[in-house]
Amino acid sequence: MSEEVSSKVSRRFFIQKAGIAGASAVSTPIVGLAPVQALAATAGAAVTFIPEGAQPVRLKINSKEYNLKLEPRVTLLDCLRENIGLTGTKKGCDHGQCGACTVHVNGQRINSCLSLAMMHEGDEITTIEGLGSPEKLHPMQQSFVKHDGFQCGYCTPGQIMSAVALLKEPCGKADSDVREAMSGNICRCGAYKNICTAIQDVRGNLKEAKV
Ligand code: FES
Ligand code: FES
C-alpha cells in the first residue's frame with residue numbers, strides 16, 4: 001500500500017473509530033485509534049491508543065460530560081465532529097470566514113474552527129444538536145423551515161446558532177440590522193432574504209421585514 005493510500009486509510013479509521021467512541025461514551029475516555037489498532041478493533045480485540053502529546057480534558061457539550069484525551073492543537077470544531085461525532089456543526093472554510101462552524105460557548109456564539117478544544121474545560125458548549133430535536137424544534141429552527149431559510153442546508157446549522165445568539169444581543173429592529181449582525185455567516189446558496197425573514201419572525205419584527 002502506498003504511503004498516500006496508507007495515510008488516507010489511517011485518517012478514515014481514526015475518524016470512524018473516534019466517532020463511534022464519541023457516540024457511546026459519555027463520561028468515558030475517548031481516544032483516537034492508530035490504523036493497525038483500528039484493524040484489531042474491527043476484529044474484536046480491545047485496544048486503546050492515546051495520540052502522542054494528548055492531554056486529558058473534560059468538556060460539557062449539550063449538557064453531557066465528555067472525558068477526552070486530545071492533542072492541544074485540536075480545534076473545538078474538529079473535536080466536536082471527529083472525536084464526539086456531533087457532525088451537525090459544519091466545516092466550511094476552517095479559517096473563521098464563513099460561520100458554518102458556529103456554536104455557543106456560555107451562550108455566546110463563536111467560530112469553533114478558531115478555538116482550541118482544550119480551552120473550553122468548564123464551559124457550557126451548545127451545538128445545533130443541543131438546540132432542539134426533530135420532535136421538538138427550537139422556535140428558530142421552526143421559523144427557518146416555515147420561511148424556507150435554506151437551500152442546500154450546509155450553512156444552516158451555523159446560521160441558526162448565530163440567529164439564536166443574536167436574540168440576546170443588542171440588535172436594531174430593521175432588516176439591515178439583522179443582516180449586519182448575521183454578516184459573519186455566509187450562504188453560498190444566497191438564501192439571505194428568507195433567513196432574514198425567519199429571524200425577524202422569531203423576533204416579532206416580521207412586519208418590518210421586506211417579504
Ligand atoms: S468553518 Fe469556521 S468560519 Fe468557516
Ligand atoms: S443554504 Fe446552501 S449554503 Fe446556505
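Me: What makes Gly-149 a contact of Phe-144 in this predicted model?

Reply: The test is heavy atoms within 4.5 Å. Phe-144 touches Gly-149, Phe-150, Thr-156, Gln-159, Ile-160, Ala-163, Ile-195, Ala-198 and Ile-199. That list leaves out residues up to four places away in sequence. Gly-149 is on it, so it counts as a contact.

Me: What makes the set around Met-140, Phe-144, Ile-160 and Ile-199 a nonpolar core?

Reply: Two conditions apply to its nonpolar residues: they are buried, and they are joined through side-chain atoms within 4.5 Å. The largest set of this kind has 18 residues. Met-140, Phe-144, Ile-160 and Ile-199 have the most contacts inside it. Two or more residues come from each of α4 (128–131), α5 (139–146), α6 (156–166) and α8 (192–203). The top contributor is α6, with five residues. A separate core has 16 residues, including Leu-70, Cys-79, Leu-86 and Ile-125. As a general tendency, nonpolar side chains in soluble globular proteins are buried together.

Me: How do you know that α6 is mostly covered?

Reply: Count its residues. In α6, 11 of 11 are buried. Buried means under 20% relative accessible area. The buried residues include the polar Thr-156, Gln-159 and Ser-162, along with Ile-160 and Leu-166. For the protein chain, 41% of the 211 residues count as buried.

Me: Why is Ser-63 called exposed?

Reply: Its relative accessible area is 61%. The cut-off for exposed is over 50%. Ser-63 passes it, so the word applies. Ser-63 sits in the loop between β1 and β2.

Me: What makes the phi of Ser-63 worth a remark?

Reply: Phi of Ser-63 is positive, about 70 degrees, and the residue is not a glycine. Most residues other than glycine have a negative phi. Asn-62 also has a positive phi, near 50 degrees. Asn-62 is in the loop between β1 (55–61) and β2 (64–70). In that hairpin, two residues separate the strands.

Me: How do you know that β1 and β2 pair?

Reply: Pairing requires at least two DSSP bridges between the strands. β1 and β2 have seven, in the antiparallel sense. The requirement is met, so they pair. One of the bridges joins Leu-59 to Tyr-66 in β2.

Me: What makes β1 and β5 a pair as well?

Reply: They share two bridges, and at least two are required. The value sits at the limit and still qualifies, so the strands count as paired. The sense here is parallel. Ile-61 has Ile-125 of β5 as its bridge partner.

Me: Why is the link between Arg-58 and Glu-65 called a salt bridge?

Reply: The closest N and O atoms are 3.2 Å apart. The limit is 4 Å, between a side-chain nitrogen of Lys or Arg and a carboxyl oxygen of Asp or Glu. The pair fits on both counts, so the name holds. Arg-58 is partly exposed at 36% relative accessibility. Glu-65 is partly exposed at 26%. Arg-73 and Glu-71 also form a salt bridge, at 3.3 Å from N to O. Arg-73 is exposed at 65%, whereas Glu-71 is partly exposed at 24%. The structure holds seven salt bridges.

Me: How do you know that Asp-201 and Lys-146 tie together separate parts of the sequence?

Reply: Their side chains meet in a salt bridge at 2.9 Å, N to O. Asp-201 lies in α8 and Lys-146 in α5, so the bridge links parts 55 residues apart in sequence. Asp-201 is partly exposed at 22%. Lys-146 is exposed at 60%. Elsewhere, Asp-78, Lys-91 and Asp-94 form one network through salt bridges that share partners.

Me: What makes Leu-137, Val-145 and Phe-150 a nonpolar patch?

Reply: Patch residues need over 30% relative accessible area and no salt bridge, and nonpolar side chains are joined within 5 Å. Leu-137, Val-145 and Phe-150 form such a patch. Together they have about 220 Å² of accessible area. Val-145 belongs to helix α5. The accessible surface of the protein chain comes to about 11,200 Å², and 53% of it belongs to carbon and sulfur atoms.

Definitions and conventions
Residues numbered from 1 in each chain as written. Chains lettered and ligands numbered in written order. Predicted model: local features only at pLDDT ≥ 70, side-chain atom pairs only at ≥ 80, totals over all residues. Heavy atoms only, no water. Buried < 20%, exposed > 50% of the residue type's maximum accessible area, 1.4 Å probe, protein only. Helix = DSSP H or I, 4+ residues; strand = E, 2+ residues; numbered from the N terminus. Areas by Shrake-Rupley, 256 points an atom, 1.4 Å probe, with all protein chains shown as cover. Patch = residues over 30% accessible without salt bridge, like charges linked within 9 Å, V, L, I, M, F, W, Y side chains within 5 Å.
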